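Please open the structure in your viewer and keep the sequence panel beside it, as this tour moves from one selection to the next.

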Amino acid sequence: MSEPDSEALQVTIASPKGGAGKTMTTILLAGEFAAAGHKVLVVDTDPQESASRWYRNSKKVGFALRHIDLISVTDVTALGETLKSARHYSLILVDIQGTASAAMGAAVAYADFVVIPTRPHVFDVDSSLALIRQIELLGGRHRTIPYGVLMNGVSGIDKNTMAFRTALAQLTKAEVQMFDSYLSQRPTFGAIATAGTLYEVDGETRPIKDARDQTNAVAAEIINRLGSAR
Ligand SMILES: Nc1ncnc2c1ncn2[C@@H]1O[C@H](COP(=O)(O)OP(=O)(O)O)[C@@H](O)[C@H]1O
Ligand SMILES: [Mg+2]
């Protein structure tokens with residue numbers, strides 16, 4: 001991963017579907033980039049405050065969440081202020097819920113990169129494709145906002161199912177930007193969503209190592225894409 005930058009990179013995590021893995025991805029990336037020495041700000045714009053709960057609970061049970069701060073904002077004005085005053089962070093991760101809010105538009109329009117977690121099912125893919133069209137519009141006439149569809153919750157069995165292959169074929173056909181890496185369905189990820197990061201737990205077990213490798217691959221792809229976009 002590259003060295004921390006002096007000017008904050010803003011990565012927005014968006015998907016039209018609840019449960020697609022936005023907060024999961026946000027939490028994993030926060031831990032990953034913080035471990036690499038980045039100063040990370042998580043901006044939770046979801047009124048359900050899942051990321052905020054993860055943050056509070058982590059601290060309560062004794063995780064330091066070193067290099068990670070979190071702020072909860074629910075309206076577009078507060079989001080704008082937050083993004084402006086957070087330039088001293090090296091990475092800002094914005095977790096957004098839904099596609100209709102003004103905050104969602106701003107979080108995408110100002111993003112350096114948008115991650116779109118998608119469950120490997122046809123209906124989820126359909127709504128992600130609609131979001132991609134929205135992202136293209138939000139870029140306006142002069143900017144192409146870089147984004148990537150990230151398959152989340154993939155299980156070994158899933159990969160051989162018709163649902164998975166149909167979903168993949170649909171994305172390929174639509175010629176959208178896909179991550180090469182993906183996130184498996186893992187108990188380890190589920191546990192981290194409640195508290196902690198993959199780097200503030202004992203890293204010597206196979207499940208933790210595998211979970212780190214997978215998350216690292218996603219982070220590396222983001223850095224790569226940002227590098228080629230700048
Ligand atoms: N790859 C995964 N492995 C295990 N559990 C996951 C995974 N992705 C998401 N989850 C769990 O599924 C639920 C929904 O995910 P979440 O990230 O909260 O979705 P969203 O923020 O898009 O609504 C959460 O309980 C989360 O912990
Ligand atoms: Mg969420």
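In which loop is the place of histidine 67? Select histidine 67, and you will find yourself in the loop between α2 and β3 (68-72); keep in mind from the start that what you see is a predicted model. Histidine 67 has a positive phi of about 70°, although it is not a glycine. For background, most residues other than glycine have a negative phi. With a relative accessibility of 28%, histidine 67 counts as partly exposed.

**The whole chain**

Now zoom out until the whole chain is in view, and colour it by secondary structure, which shows eight helices and seven strands. The radius of gyration is 17 Å, close to the 17 Å that the globule rule gives for 230 residues, so the chain is as compact as a globular protein of that length. Along the principal axes, the C-alpha atoms fill a box of roughly 45 × 45 × 35 Å. Among contacts in the chain with a separation of 6 or more, 79% are accounted for by residues 24 or more positions apart.

If you switch on the surface, the accessible area you are looking at comes to about 10700 Å², and 54% of this surface belongs to carbon and sulfur atoms. Of the 230 residues, 50% count as buried. Colouring by charge brings out 23 positive and 24 negative side chains, and the centres of these two sets lie 2 Å apart.

**Helix α4**

Next, select residues 102-109, which form helix α4. Six of the eight residues of this helix are buried, so α4 is largely enclosed by the rest of the structure. The buried residues are Ala103, Met104, Gly105, Ala106, Ala107 and Val108. To see what they pack against, add the strands β1 (9-13), β4 (91-95) and β5 (113-118) to the selection, together with the helices α3 (76-85) and α5 (122-138).

**The nonpolar cores**

Hide the surface and turn to the interior. In soluble globular proteins, nonpolar side chains tend to be buried together. Here the largest nonpolar core has 36 residues, and those with the most contacts inside it are Val11, Val40, Ile68, Leu93, Val115 and Ile222. Two or more residues of this core come from each of the strands β1, β2 (40-44), β4 and β5, and likewise from each of the helices α1 (22-35), α2 (50-60), α7 (187-194) and α8 (206-229). Another core, of 34 residues, lies apart from it, and includes Leu79, Ala111, Val114 and Tyr147.

Which residues does isoleucine 222 touch, not counting residues up to four places away in sequence? Select isoleucine 222 and display what surrounds it: Val11, Leu29, Phe113, Val115 and Phe179 are the residues that it touches on that count.

**Two buried residues**

Is alanine 51 buried or exposed? Select this residue, which is found in helix α2; at 1% relative accessibility, alanine 51 counts as buried. Leaving out residues up to four places away in sequence, alanine 51 touches Thr23, Val42, Asp44, Leu70 and Asp95. If you draw a distance from alanine 51 to glutamine 214, which is 163 residues apart from it in sequence, the two C-alpha atoms are 20 Å apart in space.

Move on to serine 15, in the loop between β1 and α1. Serine 15 is buried, with a relative accessible area of 2%, and beyond residues up to four places away in sequence it touches Ala20, Lys22, Gly98, Ile116, Pro117 and Leu131. Although serine 15 and serine 128 are 113 residues apart along the chain, their C-alpha atoms are separated by 6.3 Å.

**The loop between α6 and β7**

For the last stop, centre the view on the loop between α6 (162-173) and β7 (183-184), where glutamate 175 is found. Glutamate 175 is not a glycine, yet it has a positive phi of about 55°, and at 70% relative accessibility it counts as exposed.

Glutamine 177 is found in this loop between α6 and β7 as well, and at 39% relative accessibility it counts as partly exposed. Leaving aside neighbours within four places in sequence, glutamine 177 is in contact with Tyr147, Gly148, Val149 and Arg225. A final distance to draw runs from glutamine 177 to isoleucine 132: the two are 45 residues apart in sequence and 9.4 Å apart in space, C-alpha to C-alpha.

Conventions
Residues numbered from 1 in each chain as written. Chains lettered and ligands numbered in written order. Predicted model: local features only at pLDDT ≥ 70, side-chain atom pairs only at ≥ 80, totals over all residues. Heavy atoms only, no water. Helix = DSSP H or I, 4+ residues; strand = E, 2+ residues; numbered from the N terminus. Rg over C-alpha atoms; globule rule 2.2 N^0.38 Å. Buried < 20%, exposed > 50% of the residue type's maximum accessible area, 1.4 Å probe, protein only. Contact = heavy atoms within 4.5 Å. Areas by Shrake-Rupley, 256 points an atom, 1.4 Å probe, with all protein chains shown as cover. Lys, Arg positive; Asp, Glu negative; His and termini not counted. Charge placed at Lys NZ, Arg CZ, Asp CG, Glu CD. Core = buried A, V, L, I, M, F, W, Y, C linked by side-chain atoms within 4.5 Å.
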